[in-house]
Amino acid sequence: MPEPLLEVRDLIVEYPSRKGPPLRAVDRISLQIGSGEILGLVGESGCGKTTAGMALVGLVPITGGDIVFDGKLWPKTAKQWKELRRQVAFVFQDPYASLDPYWRVGATISEPLQIHGIARGSALKHHAERLADLVGIEASLLSRRPHELSGGQRQRVAVARALATEPKLIIADEPTAALDVSIRAQVLNLLKELQGRLGLSILFISHDLSTVGYLADRVAVMYAGALVETGPAYHVLENPVHPYSTALIRALPDVGNFGVLPPVLEGEVPDLRSLPSGCRFRTRCALAQKLCAEKEPKLENHGKSMVACHFADDILMRK
């Protein structure tokens, strides 16, 4: 098996609290992304998926764990963080907030080239025009400011900026969530086209399972700071094993049953400062038993997926 481009080992991210223990937003997650692969990281709002993505580029401090990128353990120094950020780019959720309103589009796209010493002077314009063409932006828009662009154009500018340093991996944090429905498909198709043309790897963070099913090769499902299921996208979305994964997929509207509401996952998401003993999903799980309160399940191989559930084998036998 080829070495993964990105390997995350037992990643922990904690936020300090004035009262009581720190809030552990990411709790010992481990995942891999191969070269040219798209991994979808999904879960409810507040599950820690965005924090995990931001930690991989140093936008939030890492409390514990290791990041291995392209066979090298990262990062230990500010210089190493800068080198990693050249190879791993981030596309933020909201293009209205992620672009400086005072900067013209050309300057925004060119900034990473200057920071990393890739191009300067007159060469910046050439690179900006090339990147704009790559993401489908007319060269005439390079002189405009963000407020003069549509939402879809802004997000294309954000993608162009991410591609400026020719990264091997892009982390896209719900890049279509702030866009109109009619524009979302354009941005998704753009990412898929660029992934195929440039051989990019993508960590696609989203709560929209239908979008992830269209784009991703593999899926990782996150709940209350931890991974509960990972596997091939087609398998996890069509044959989920973990009860939480099943609940997420059942909550998708069925376009064939107009007016029929999907079932709702009962219970409340636990407070990350005081998680339930054992399995963190047990307070909302219809299959929970005494063992679930006594022992936390580990992510282990079950069929084609890795699942953190004491009764994964029993669930598979009933399928």
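**Cysteines and overall build**

Tutor: In this predicted model, the closest cysteine sulfur to that of cysteine 279 belongs to cysteine 292, and at 5.9 Å the two are too far apart for a bond.

Student: OK, so is cysteine 279 buried or exposed?

Tutor: Cysteine 279 counts as buried, because its relative accessibility is 11% and the cut-off for buried is under 20%.

Student: How many disulfides does the structure hold?

Tutor: Zero. Cysteine 309 is in no disulfide either; its nearest cysteine sulfur, in cysteine 285, sits 6.3 Å away.

Student: And cysteine 309, buried or exposed?

Tutor: Buried, with 13% relative accessibility.

Student: Switching topic: how many helices and strands are there in the protein chain?

Tutor: Twelve helices and twelve strands.

Student: What's the radius of gyration, and what would a compact globule have?

Tutor: The protein chain has 21 Å, and a compact globule with 319 residues would be near 20 Å, so the two agree. Along the principal axes, the C-alpha atoms fill a box of roughly 70 × 50 × 45 Å.

Student: What share of the residues is buried?

Tutor: 49% of the 319 residues. As for the outside, the accessible surface is about 16100 Å², with 52% of that belonging to carbon and sulfur atoms.

Student: What about contacts between residues at least 6 apart in sequence?

Tutor: Of those, 65% join residues at least 24 apart.

Student: Last one: how many positive and negative side chains?

Tutor: 37 positive and 35 negative, and the centres of the two sets lie 5 Å apart.

Definitions and conventions
Residues numbered from 1 in each chain as written. Predicted model: local features only at pLDDT ≥ 70, side-chain atom pairs only at ≥ 80, totals over all residues. Heavy atoms only, no water. Helix = DSSP H or I, 4+ residues; strand = E, 2+ residues; numbered from the N terminus. Rg over C-alpha atoms; globule rule 2.2 N^0.38 Å. Buried < 20%, exposed > 50% of the residue type's maximum accessible area, 1.4 Å probe, protein only. Contact = heavy atoms within 4.5 Å. Areas by Shrake-Rupley, 256 points an atom, 1.4 Å probe, with all protein chains shown as cover. Lys, Arg positive; Asp, Glu negative; His and termini not counted. Charge placed at Lys NZ, Arg CZ, Asp CG, Glu CD. Disulfide = S-S within 2.5 Å.
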